[in-house]
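Please read this report with the sequence and the structure at hand, and follow each chain as it is named in the text.

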Amino acid sequence: MLDDMDRRILRQYQAEPEMTVADLAERCGLTQATCWRRLEAMRAGGVIEGLEAVIDWAALGYSVEVSLRITLEKSVARAFDEFLAAAREIPEVVEIQTFLGRVDVRLSVGARDLPHYQAIYRDRILTLPHIADIEALMHIARVKTDEALPV
Amino acid sequence: MIALDETDRHLLRLLVRDATQSAGALGRIVGLSQPAAWRRIKRLEDAGVIAGRRLRLNAGALGFGVTVFLGVKLARKGQVSLADFERAVSAIPEVQTVEHVLGLYDFRLRVVARDLPDFERVLRRRIMTLPGAGEVEANVLLSEERRPGPIG
């Protein structure tokens, strides 16, 4: 079970993941060794899963990002599995989420520009199996991106 | 814009999986010396391709059992400024991400909660009371996977 100090460490660490353990320890008023032990315990316990690099697709020339909200033909057995397997084959799909709600699946698609997006949409997305309906949301800006948990 | 070769893409894939690895360890995997790997990573950082690092926490292990995506439409357009809405929504701790979108909704929010009653509390007390918040659609996240995308 986590105590208040563990939560404090996580709050600080989430806010600045590039901080060294020494800095993190100082912010939390701990010795480096104690801070390290607590981090290790949280890693071992599966609370901390890891540190990942965040890629800025726009810096790679992928300036268009579209969220496709898809409803599937649920009368077809295996519609979900077949759709997801086919969606994974599209290199421009950067994220796949499934939902309980009005929308079944959301695909996040990156493209270099609108003609590129149009080509992906026509040739790869519309040919995916078992689609009943698609709605598109085009990303204008990311306002909050930290994905921090309110621990 | 920066051009990537296969080695750069391999380095990026490794860093997305685990950003704690040293340049030496990464170099050994992709067949580069430590300084050569370090130079490539530095170049990717300088070009903004690696925008930063993110701590990956297990939401479930921390007691957050529910993630909900909300599509929010602003009501009374023009009367409430986008900036006011963005500031207020970004200040809600349970709101993890806020995206300004074009289409059926104006904003897309990722919200975490302990369980569905907790989510209902966040929705009623925090989201519905935002300045300018109109129609809201909620979809509960069942699964998600991040794909390598163009670096695959």
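In strand 1 of chain B, B:Arg56 is the bridge partner of A:Gly50, and this pair belongs to an antiparallel pairing in which strand 1 (residues 48-55) of chain A and strand 1 of chain B are joined over seven bridges. The model in which these pairs are found is a predicted one, and the values given here are computed from it. A further pairing links the two chains, since strand 3 (residues 93-100) of chain A runs antiparallel to strand 5 of chain B over six bridges, with A:Leu100 standing opposite B:Val140.

Where the two chains touch, 57 residues of chain B are in contact with 53 residues of chain A. On the side of chain B that touches chain A, the elements that give two or more residues are helix 1 (6-17), strand 1 (50-57), helix 4 (82-90), strand 3, strand 4 and strand 5 (133-146) of chain B. Strand 5 of chain B gives the most to this side, with ten residues. Sorted by class, the side of chain B that touches chain A holds 30 nonpolar, 13 polar and 14 charged residues.

The strand pairings within chain B can be set side by side with those to chain A, as in this table.

| Strands | Sense | Bridges | A residue pair |
|---|---|---|---|
| Strand 1 of chain A and strand 1 of chain B | antiparallel | seven bridges | A:Gly50 and B:Arg56 |
| Strand 3 of chain A and strand 5 of chain B | antiparallel | six bridges | A:Leu100 and B:Val140 |
| Strand 2 of chain B and strand 5 of chain B | antiparallel | six bridges | B:Gly71 and B:Glu137 |
| Strand 2 of chain B and strand 4 of chain B | antiparallel | seven bridges | B:Val66 and B:Ala113 |
| Strand 3 of chain B and strand 4 of chain B | antiparallel | five bridges | B:Val95 and B:Val111 |

Strand 4 of chain B pairs with strand 2 of chain B and also with strand 3 of chain B. In the hairpin that strand 3 and strand 4 of chain B form, four residues lie between the strands, and B:Gly103 takes a positive phi near 145°.

Is strand 4 of chain B largely enclosed or open? Seven of the seven residues of this strand (residues 107-113) are buried, so strand 4 of chain B is largely enclosed by the rest of the structure. In a regular strand the side chains alternate between the two faces of the sheet. Here B:Phe107, B:Leu109, B:Val111 and B:Ala113 point one way, while B:Arg108, B:Arg110 and B:Val112 point the other way, and all of them are buried.

Two residues of this strand, B:Leu109 and B:Val111, have the most contacts inside the largest nonpolar core, which has 70 residues. Leaving aside residues up to four places away in sequence, B:Leu109 touches B:Phe69, B:Leu70, B:Val72, B:Val89, B:Val95, B:Thr97 and B:Val98.

Chain B as a whole has five helices and five strands, which follow one another from the N terminus in the order α-α-α-β-β-α-β-β-α-β. Its radius of gyration is 20 Å, well over the 15 Å that the globule rule gives for 152 residues, so chain B is more spread out than a compact globule. Along its principal axes the C-alpha trace of chain B spans about 55 × 35 × 20 Å. Buried residues make up 34% of the 152 residues in chain B.

For chain A, the domain assignment gives domain 1 (4-44) and domain 2 (57-138), and the C-alpha centres of these two domains lie 38 Å apart.

How values were computed:
Residues are numbered from 1 along each chain as its sequence is written. Chains are lettered from A and ligands numbered from 1 in the order in which they are written. This is a predicted model: local features need pLDDT of at least 70, side-chain atom pairs count only at pLDDT 80 or more; totals for chains, interfaces and linings use all residues. The radius of gyration is taken over C-alpha atoms; the globule rule is 2.2 Å times the number of residues to the power 0.38. A residue is buried if 20 or more other C-beta atoms lie within 10 Å of its own, exposed if 12 or fewer, and partly exposed in between; C-beta atoms are placed from the backbone. Domain bounds come from an automatic or database domain assignment. Two strands pair if DSSP finds at least two bridges between them. A nonpolar core is a set of buried Ala, Val, Leu, Ile, Met, Phe, Trp, Tyr and Cys residues joined through C-beta atoms within 7 Å. Two residues are in contact if their C-beta atoms, placed from the backbone, lie within 7 Å. Ala, Val, Leu, Ile, Met, Phe, Trp, Tyr, Cys and Pro count as nonpolar, Asp, Glu, Lys and Arg as charged, and the others, Gly among them, as polar.
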